[in-house]
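User: Please take a close look at the interior of this protein. I want the enclosed spaces, the packing and the cross-links, and then the main opening at the surface.

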Amino acid sequence: MEKAFAYFLSTLLLLHYVVATLAVTHTNITTDQLALLSLKSQIISDPYHFFDENWFPTTSVCHWEGVTCGSRHHRVKSLNLSNMALTGRIPQDFGNLTFLVSLDLGNNNFYGKLPQEMARLRRLRFLDLSINNFIGEVPSWFGVLHQLQVVTLWNNSFIGSIPSSFSNLSKLETLSFRFNSLEGQIPKEIGNLKNLRKLDLTRNKLVGSIPFTLLNASRLEILKISRNFLQGNIPEGISSLHNMKFLGIEDNQLTGSIPLSVFNISRIEVIAFTNNSLSGSLPNGLCNGLPLLKQLDLSWNKLRGQMPTSLSNCSELQILSLSYNEFDGPIHNEIGSLRNLQLLYLGGNHFTGIIPQGIGNLGNLLELTMEKNQITGSVPISIFNISSLQRLDLWRNNLNGSLSQEIGNLTKMQVIDIQKNKFTGEIPKEISNLVDLEV
C-alpha cells in the first residue's frame, strides 16, 4: 500500500512538473506579444497610426515595426518607438519583456510613473525615456539593472533626489537627468562608476557642493551640471579627469578661484563656467596646454586681471566669452591669431587702450561685443573687412573719430550698437548696403 501511494505521489509530481514546464514554454512564446499588446492598449493618442498599421495580433511579434528579436531565444530584444508622438502609459506587465536589451521611447508623450515591474528587465543595457512627461521620483530599483550602460531620462518631470543605488551600475557609461526637477545633492556614490563617460544633470534643483568623489570617475568625458544651485568651489583635483572634453558648470552659485589644473586637461574642448561668483585671475599660460579648446565661456563672474597673451595658442577656439567680469588692461593684438573664432564677447569689463588691428584677421567672426569698457581711439578699418560679422556692440566706451565708409562691407550685419561714445562726422551713406540690419 505504501509503495502504491509513493508511486502515485511521484507520478503526480512528475505530471505537475510536465504541465508547469509546458506552461512556462507556452508563456515564453506569447509573453512578449501580450506585453506589447498591453502597451498598445494603454496608448490614447497615435497621430501617425503607427500601431494600427504595424502591430497585428495575427502576425509574429518579431515582424512588428520597431521590434527586434534575438536569434538565440527568439524573444523581443529591442523596442524602438521613438519620435512617434505617442501618448499613453507604460503598463505593469511591460516588465514581462525580460529579454529586452534596448528600450527607446524617446520624444513622445508618455506620462505617469515608471512601473515597479520594470525592475524585472535585468538584461536591459540601453534605456531612453527622454522628452516625455514621466512623473514621480526616480525609482531606486534602477540599481538592480546591473547591465545598464545608457540611461537617458532628460526632459521629464521627475522629482526627488538621485538614488544612490545608481552606484551599483558598474557598467554605466551615460547618465542624463537634464531638464527635470530633481532636488538634493549629487550623490557621492556616483564617483564609484568607473566606466561613466557622460553625466548630465543640467537644469534641475540640485544643491550642495560638487562631490570630491566625482573625481574618481576617471573615464568621465562630459560633465554637465549647469543651471542648478550648487555652491562651494570647483574641486582642486579636477585635472585627474584627464579624459574630460566638456566641462559645463554654468548658472550655479560657485565661489573661489578656477583651479589652475582645469587648464591642464589637454583633451578638453569646452570650458563653460558662466554666471557664477568665481574670482581670481586667469593664468598667463592659460592656453599653453589646451590644443583642442573650442569654447571658453567665463562670462558673468568676478574674475579680474589682464587677458592672458597665451590665448593666441588656443588655435581651435571658436567661442571666447569673458564679458561682465572685472578684467582690465589692453586687449592684445595677438587675439587676431584666433582665425577660427566665431563669437568674441568682451563687454562689461574695464579694458583700456585701443581696439587692436589684429581683430580684422578674424575672418569667421559672427559677433563682436566690447560694450561698457574704457576703450579709446577709433574703430579700426580692419573690422569692416570681416564680411561675416552679424553683430557689433561697442556702446559706452570712449571711442572717437568718424565711421569709415568701409562699414558698407558688412552686408550680413544685423545689429550695430555704438551709442554713448564720442564719434563725429556723418553717418556713411554706405550703411544702406546693410540690407539685413535690424537694430
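Analyst: One convention first. Ala, Val, Leu, Ile, Met, Phe, Trp, Tyr, Cys and Pro count as nonpolar, Asp, Glu, Lys and Arg as charged, and the others, Gly among them, as polar. Keep in mind that this is a predicted model.

Start with the enclosed space. Searching the whole structure turns up three cavities of 30 Å³ or more. The largest cavity holds about 40 Å³ of space. Its walls are M307, P308, T309, L311, S312, H332, E334 and I335. That makes a mixed lining: four nonpolar, three polar and one charged residues. The nonpolar ones are M307, P308, L311 and I335. T309, S312 and H332 are polar. E334 supplies the charge.

Now the second largest cavity. Its volume is also given as about 40 Å³. V379, F384, L392, L394, L403, I407, I416 and I418 line this second cavity. Here the lining is eight nonpolar residues, with no polar and no charged ones.

Next, the packing. In soluble globular proteins, nonpolar side chains tend to be buried together. In this model the largest nonpolar core has 119 residues, and L79, L103, F142, F166, F273, L344 and I359 touch the most other members. Two or more residues of this core come from each of α1 (2–41), α2 (50–54), β2 (67–69) and β3 (76–80). The largest share comes from α1, with three residues.

L79 deserves a closer look. By its number, L79 falls in β3 (76–80). Leaving out residues up to four places away in sequence, L79 touches L36, L39, W55, G66, V67, F94, L100, S102, L103 and D104. L36 and L39 fall within the span of α1 (2–41), and V67 within that of β2 (67–69). L103 is both a contact of L79 and one of the residues that touch the most other core members.

Then the cross-links. The chain has two disulfides. Counting bonded cysteines along the chain, the pattern is 1-2, 3-4.

C62 pairs with C69, at 2.1 Å from S to S. The torsion about this S-S bond is -95 degrees, and the link is left-handed. C62 and C69 are both buried.

C287 pairs with C314, at 1.8 Å from S to S. This disulfide is left-handed because the torsion about its S-S bond is about -100 degrees. C287 sits in the loop between β18 (279–281) and β19 (295–297), and C314 in the loop between β20 (302–306) and β21 (319–321), so the bond ties together parts that are 27 residues apart in sequence. Buried means under 20% relative accessible area. C287 has 3%, so C287 is buried. C314 has 0% relative accessibility and therefore counts as buried.

Last, the opening. The largest pocket has a volume of about 210 Å³. Lining this pocket are G70, S71, R72, H73, R75, K77, F99, V101, R123, R125 and Q147. By class, the lining has two nonpolar, four polar and five charged residues. F99 and V101 are the nonpolar pair. The charged residues are R72, R75, K77, R123 and R125. G70, S71, H73 and Q147 are polar.

Set the linings side by side. The second largest cavity is lined by eight nonpolar residues with no charged ones, whereas the largest pocket has five charged residues in its lining. The largest cavity has one charged residue.

Technical notes
Residues are numbered from 1 along each chain as its sequence is written. This is a predicted model: local features need pLDDT of at least 70, side-chain atom pairs count only at pLDDT 80 or more; totals for chains, interfaces and linings use all residues. Side-chain values use heavy atoms; hydrogens and water are left out. On a 1 Å grid over the protein atoms alone, a cavity is a set of points where a 1.4 Å probe fits but cannot get out, and a pocket is an open set with protein on both sides within 12 Å along at least five of seven lines; lining residues have an atom within 4 Å of a point. Grid points are joined across faces, edges and corners, and a volume is the space filled by probe spheres set on the points. A nonpolar core is a set of buried Ala, Val, Leu, Ile, Met, Phe, Trp, Tyr and Cys residues joined through side-chain atoms within 4.5 Å. Buried means under 20% relative accessible area, exposed over 50%, partly exposed in between (1.4 Å probe, protein chains only). Helices (H or I, at least four residues) and strands (E, at least two) are DSSP runs, numbered from the N terminus. Contact means heavy atoms within 4.5 Å. A disulfide is a pair of cysteine sulfur atoms within 2.5 Å.
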